Protein chains: 2
Amino acid sequence: MRHLLIYDMIEAVHRSGSIRKAAEDTNITASALNRRIQAFEEEFGSEIFERLPRGMRLNPAGELLLHHIRLQRQDMARVHSQVADLSGVRRGHVKIACSQALLPYFLPREISKYRSEFPDVTFTVNVRDRIQAERDLVNFESDLALVFEPAHMVDFEVLHAMHQPVMAVMSAAHPLADRTNLRLRECLDYNLILPASQFGVRVLLDQAAARLGRKLEPVLETDSFDMVRHFAAYGQGIGFQIPVGLNALARPDMAFVPISERDVSGGELFLGHLRGRTLPVAALKFATQIVTSLAQKGRT
Amino acid sequence: MRHLLIYDMIEAVHRSGSIRKAAEDTNITASALNRRIQAFEEEFGSEIFERLPRGMRLNPAGELLLHHIRLQRQDMARVHSQVADLSGVRRGHVKIACSQALLPYFLPREISKYRSEFPDVTFTVNVRDRIQAERDLVNFESDLALVFEPAHMVDFEVLHAMHQPVMAVMSAAHPLADRTNLRLRECLDYNLILPASQFGVRVLLDQAAARLGRKLEPVLETDSFDMVRHFAAYGQGIGFQIPVGLNALARPDMAFVPISERDVSGGELFLGHLRGRTLPVAALKFATQIVTSLAQKGRT
DNA sequence: CGTAGCGATGCATTTTTTGCATCAGTTCAA
DNA sequence: TTGAACTGATGCAAAAAATGCATCGCTACG
């Protein structure tokens, strides 16, 4: 899109912080780039960069403009996607920000299922915590967010919500492995493997423990649910995860037992996008598929 | 905005239906314009016009693109407005689609009040019926709509709603002029001056008459409320209008008497904008002022 | 069946953009 | 304190892109 090149240049200067560095990314001379920025500011009617001795920084007007640029780029992508769709071609790219729990089973399965029908659609999956996911949406760095217990929910338009109880995760040889239900109190007698405090599961567990007048003292605290699972598999105590991140069939060596909702009320897994946005066709279709899958999962 | 000129050209071709005609509007040769359209289609990745023997017409892809163009233009206007605002200058342009009732008193007063504070803000006011007003919003031809009893309300995001009873409008010398309240039945004994059937007031009156088992037979039917008022002022019967279109102080020679809500339930005057849009600063400020004014009016 | 209107295109000309070299200023470390 | 290493800005010539003109081929309409 030649006529939108100036937007790329502005973003390049913003990213690199200087014209000369941006010039390399843009395959253009610094002087040419400089003059295009100046020409743009001229017709835009106000400067968009502060000239600092060490380079360029967006001023408030530039920040506003940058948001417009991102919005317009996204909308152009949507148009392209819709145009491709009406010509019968199913192409496109879907950008997803999601919680860790979706990585091992859910998203790989959904994406491969989707791509079996539309092989020309490509994906970007970024692991984001509850705060970053929403920021990604606002910056148009993701089309969809699939997040457990999101933080603010402003700017977040919910497409689907699904309840997720907290599950205890342990080796199949663990004393509690045969139970169908666990009280939180029972778990506290064993070694605890907990996700770090920014994660929704941890927040829920901390709150529940506080209600019991207890404080959780993990033997292992990690920001990787993979670590939680594997450490628990070695028989090293009890970890916690939500059902969407678990697959009993794939791990006969492990046991997953729900914690009583009387103790830990569980949380909500949300699928959503930026409020007010019109999603590209591919993203919308994928979202629809996920909603269907989640609803079926909920019924079983 | 030089880099968006191609969008103007596309719209010009769309409007005039041919490159050669559009070339005149664009101050460019037909051949140059032709090649710019071709170049754009090339990088856009698909044709956006159908080449007919008699000219050019947007194809479905072009329609999608056109909507994007309008959206992006509006958003750029919003950015400009916000930039002007943060530099302390209060400039801008507000486009309003409104019902006729707002023309004689309400809008002139509000606009002049607004401009006394921000003299650099300019206005476009278009009279639109209930259906056209909403279409104007969708096409980004208006920022705000101020409409009595709008038709669909899809795409219409309500900023404020205000109840408007239907008022009987007559000469001060009319036999019913001294009443404080009228039943619809009483009015039917006199000559009726009615707005045409596309207007909200007429719809309400027709419904009410039907409930009485009567049919309204006006001596004068018009699409101008101005006509209704003036004809009634000559003592030629009873007209109807909503309060926002009347000003008792300005017309001591006339009487305005509310119709009992038992007969005609009245309707709603809505202020709104296109769903999901971020309004330019000037339009938003003006909308806020109108909401305040309407709320105060409602209290007196 | 001819005329009028349409978009497309080759070619010379004009306009715009670019690259190079250089200037003027600031920062930072020796 | 001085000089090296950055920064953005700018004059000027070369390269690239856009434009205007003339003309082609086509279709609809009278």
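How many nonpolar, polar and charged residues does the surface near DNA strand D have? By class, that surface has five nonpolar, seven polar and eight charged residues. Keep in mind throughout that this is a predicted model. The legends below start at the DNA and then move on to the protein chains.

**Figure 1. Residues of chains A and B around DNA strand D.** Twenty residues sit around this strand, and those that come nearest are A:Ser18, A:Ser31, B:Thr29, B:Ser31 and B:Pro53. Chain A gives two or more residues from each of α2 (19-26), α3 (30-44) and β2 (55-58), while chain B does so from α3 (30-44).

**Figure 2. The surroundings of DNA strand C.** Here you will find 21 residues around the strand, with A:Thr29, A:Ser31, A:Pro53, B:Ser18 and B:Ser31 as the closest. At least two residues each come from α3 of chain A and from α2 (19-26), α3 and β2 (55-58) of chain B. Sorted by class, the surface near DNA strand C has six nonpolar, seven polar and eight charged residues.

**Figure 3. The loop between α2 and α3, shown in chain A and in chain B.** Look for A:Asn27 in the chain A loop. Its phi is positive, near 55°, although A:Asn27 is a residue other than glycine. That deserves a second look, since most residues other than glycine have a negative phi. Is A:Asn27 buried or exposed? A:Asn27 counts as exposed, because it has 7 C-beta neighbours inside 10 Å, and 12 or fewer is the cut-off for that label. In chain B, B:Asn27 lies in the loop between α2 and α3, and its phi is also positive, about 55°. B:Asn27 counts as exposed too, with 7 C-beta neighbours inside 10 Å.

**Figure 4. Where chain A touches chain B.** Each partner brings 23 residues to this contact: 23 from chain A and 23 from chain B. Which helix gives the most to the side of chain A that touches chain B? It is α4 (residues 60-86) of chain A, with 14 residues. By class, the chain A side has eleven nonpolar, nine polar and three charged residues.

**Figure 5. Helix α1 of chain A, residues 5-16.** This helix has twelve residues and reaches 16 Å from its first C-alpha to its last, close to the 16 Å expected at 1.5 Å a residue. Its buried residues are A:Met9, A:Ile10 and A:Val13. Seen down the helix axis, the buried residues fall within an arc of 100°, so they line one face of α1(A). A rule about helices helps here: an α-helix has 3.6 residues a turn, so residues three or four places apart point the same way. The cover over the buried residues of α1(A) includes α2, α3, β1 (49-52), β2 and α4 of chain A. After the helix comes A:Gly17, which has a positive phi near 85°.

**Figure 6. Helix α6 of chain A and its buried side.** In this helix (residues 130-138), A:Arg130, A:Ala133, A:Glu134, A:Asp136 and A:Leu137 are buried. Around the axis they cover an arc of only 155°, which puts them on the same side of α6(A). Elements of chain A that cover them include β3 (92-98), β4 (121-127), β5, β6, α8 (200-211) and β12. The residue A:Phe140 follows α6(A) and has a positive phi, near 60°.

**Figure 7. Strand β12 of chain A with two pairing partners, β5 and β6.** Strand β12 (residues 267-274) is mostly covered, with six of its eight residues buried. Strand β5 (residues 144-148) pairs with β12(A) in the antiparallel sense over four bridges, and A:Ala145 stands opposite A:Gly272 of β12(A). Strand β6 (residues 156-164) also pairs with β12(A) in the antiparallel sense, over eight bridges. There, A:Ala161 has A:Phe270 as its bridge partner in β12(A).

**Figure 8. A:Phe148, a residue of strand β5 in chain A.** Why does A:Phe148 count as buried? The reason is that 26 other C-beta atoms lie within 10 Å, and 20 or more is the cut-off. Beyond its neighbours within four places in sequence, A:Phe148 is in contact with A:Ser99, A:Ala101, A:Gln164, A:Gly200, A:Ile242, A:Gly267 and A:Leu269.

**Figure 9. Chain A as the setting for these views.** Chain A has ten helices and twelve strands. Of its 300 residues, 37% count as buried. The C-alpha atoms of chain A fill a box of roughly 70 × 50 × 30 Å along the principal axes.

Technical notes
Residues numbered from 1 in each chain as written. Chains lettered and ligands numbered in written order. Predicted model: local features only at pLDDT ≥ 70, side-chain atom pairs only at ≥ 80, totals over all residues. Near = placed C-beta within 6 Å. Nonpolar A, V, L, I, M, F, W, Y, C, P; charged D, E, K, R; others polar. Contact = placed C-beta atoms within 7 Å. Expected span 1.5 Å × (residues − 1). Arc of directions from axis to C-beta. Pairing = 2+ DSSP bridges.
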